[in-house]
Amino acid sequence: MTGQKVRWGILGPGGIASTFAADLPLVEGAELAAVGSRNAASAQAFAERYGFARAHGSYADLAADDGVDVVYVATPHAFHLEAAMLCVAAGKAVLVEKPITLDLSAAAQLVEAARARGVFLMEAMWMRCNPAIRKIAELVAEGAIGDVSALHADFGLQGPFESSHRLRDPALGGGALLDVGVYPIHLAHLILGVPAFAQAWAHLTPERVDENTGVLLGYEAGAVAALTCSINGESRNAASITGTAGRIDLPSGFFVPRSFVLNRPGRAPETFEFPFSGSGYQFEAAEVQRALLAGELESPLVPHTTTLEVMALLDALREQVGVVYRS
């Protein structure tokens, strides 16, 4: 890092990388340094489109680039571990797109490697870095809605997706749970922590990935979370958190909210608004930069323990519904 500048590299110039790259200029001190792809032409085209200084025709060359401080790994789920380990071995800080890996074993391996190498590692769960979500967590912690009794959240994508699509490919970590179900599950984890009880049911595609999944979580304090995710129909994509003294309602797009409503008995509904430019990926990038400049090896917003706890739950739920990925 040079002064207050943080030099970014992007590994895997696909769709999610495009959205992230478009938001990076919104982050003060972010320098668009380099792009790495398995295809040199793709890397060059991406670099030119978004204003990155250099393009590399291999992931290894990006990891070896001395002008890069942190790499955003944006490949499909199944390739996160290999790409992130390459960067960690090169001493690069890493932001890995969610889910961080396909399973707990791989996630633990990556966390251990980052800790051993002494480099920053964070899962790119951008929802947890969103200003509205952070305010909600603060209000709940302060007791604004009393003791939380229930959380409801759904995330459904409009299908149908062709059998060749990555969302239906088990070799790429396909299915609703790992792609969109992580958002309801992370919201429940943020508000309620690790459940004492977890039950899931899913309808599977012919390729044996989940396309419509329901999850019920129970907690020692008495709270429940009812969550759904799907890749065969667009749901409300909304959420609510109910407590003994009120309720917080998040609108459609609860995973990247610009507002929410606090409802309490005997009071007028209170709307909290958090307008912002871009798509919302700038907040996770800003948190990475804050942590790097502070010399931290993980973020308190998405710590390693959170990543591992959520991945352990995802493993248990996938086992229940019968979705198996190759190592």
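Colleague: In which helix is the place of H189?
Modeller: This is a predicted model. In it, the helix that spans residues 176-192 includes the place of H189. That helix is α7.

Colleague: Is H189 buried or exposed?
Modeller: The cut-off for buried is under 20% relative accessible area. H189 has a relative accessibility of 12%, so H189 counts as buried.

Colleague: Which side chain makes a polar contact of 2.7 Å with the side chain of H189?
Modeller: Leaving aside residues up to four places away in sequence, H189 touches R128, V194, T306, E309 and V310. One of these also has a side chain in polar contact with that of H189, at 2.7 Å. The partner is E309.

Colleague: What is the volume of the largest pocket, and which residues are closest to its centre?
Modeller: The volume of the largest pocket is about 530 Å³. Its lining counts 23 residues, and the closest to the centre are I16, E97, K98, R166 and D179.

Colleague: Which helix gives the most to the lining of the largest pocket?
Modeller: Both α1 (15-23) and α7 supply at least two residues of the lining. The helix that gives the most does so with 3 residues. That helix is α7, where H189 also has its place.

Colleague: How many bridges join β8 to β9, and which residue in β9 stands opposite A198?
Modeller: Strand β8 covers residues 197-204 and strand β9 covers residues 210-218; the two run antiparallel, joined by 8 bridges. Across this pairing, the residue opposite A198 is L217.

Colleague: Which residue in the turn between β8 and β9 has a positive phi?
Modeller: The two strands form a hairpin, with 5 residues between them. In the turn, a positive phi of about 75° belongs to R208.

Colleague: How many bridges join β9 to β10, and which residue in β10 stands opposite N212?
Modeller: Besides its pairing with β8, β9 runs antiparallel to β10 (residues 224-230), with 7 bridges joining them. In β10, the residue opposite N212 is S230.

Colleague: Which residue has a positive phi in the turn between β9 and β10?
Modeller: β9 and β10 also form a hairpin, and 5 residues lie between them. The positive phi in this turn is about 110°, and the residue is G222.

Colleague: What does the UniProt annotation for residues 6-123 say, and how far apart are the end C-alpha atoms of that span?
Modeller: The unreviewed UniProt entry annotates residues 6-123 as "domain: Gfo/Idh/MocA-like oxidoreductase N-terminal". In the model, the span is 42% helix and 24% strand. Its end C-alpha atoms lie apart by 18 Å.

Methods:
Residues are numbered from 1 along each chain as its sequence is written. This is a predicted model: local features need pLDDT of at least 70, side-chain atom pairs count only at pLDDT 80 or more; totals for chains, interfaces and linings use all residues. Side-chain values use heavy atoms; hydrogens and water are left out. Two strands pair if DSSP finds at least two bridges between them. Helices (H or I, at least four residues) and strands (E, at least two) are DSSP runs, numbered from the N terminus. Buried means under 20% relative accessible area, exposed over 50%, partly exposed in between (1.4 Å probe, protein chains only). A polar contact is a pair of N or O atoms within 3.5 Å; within protein, one must be able to donate a hydrogen and the other to accept it, and residues adjacent in sequence count only if both atoms are side-chain atoms. Contact means heavy atoms within 4.5 Å. UniProt positions are given in the numbering used here, feature names are shortened, and annotations may be inferred rather than shown by experiment. On a 1 Å grid over the protein atoms alone, a cavity is a set of points where a 1.4 Å probe fits but cannot get out, and a pocket is an open set with protein on both sides within 12 Å along at least five of seven lines; lining residues have an atom within 4 Å of a point. Grid points are joined across faces, edges and corners, and a volume is the space filled by probe spheres set on the points.
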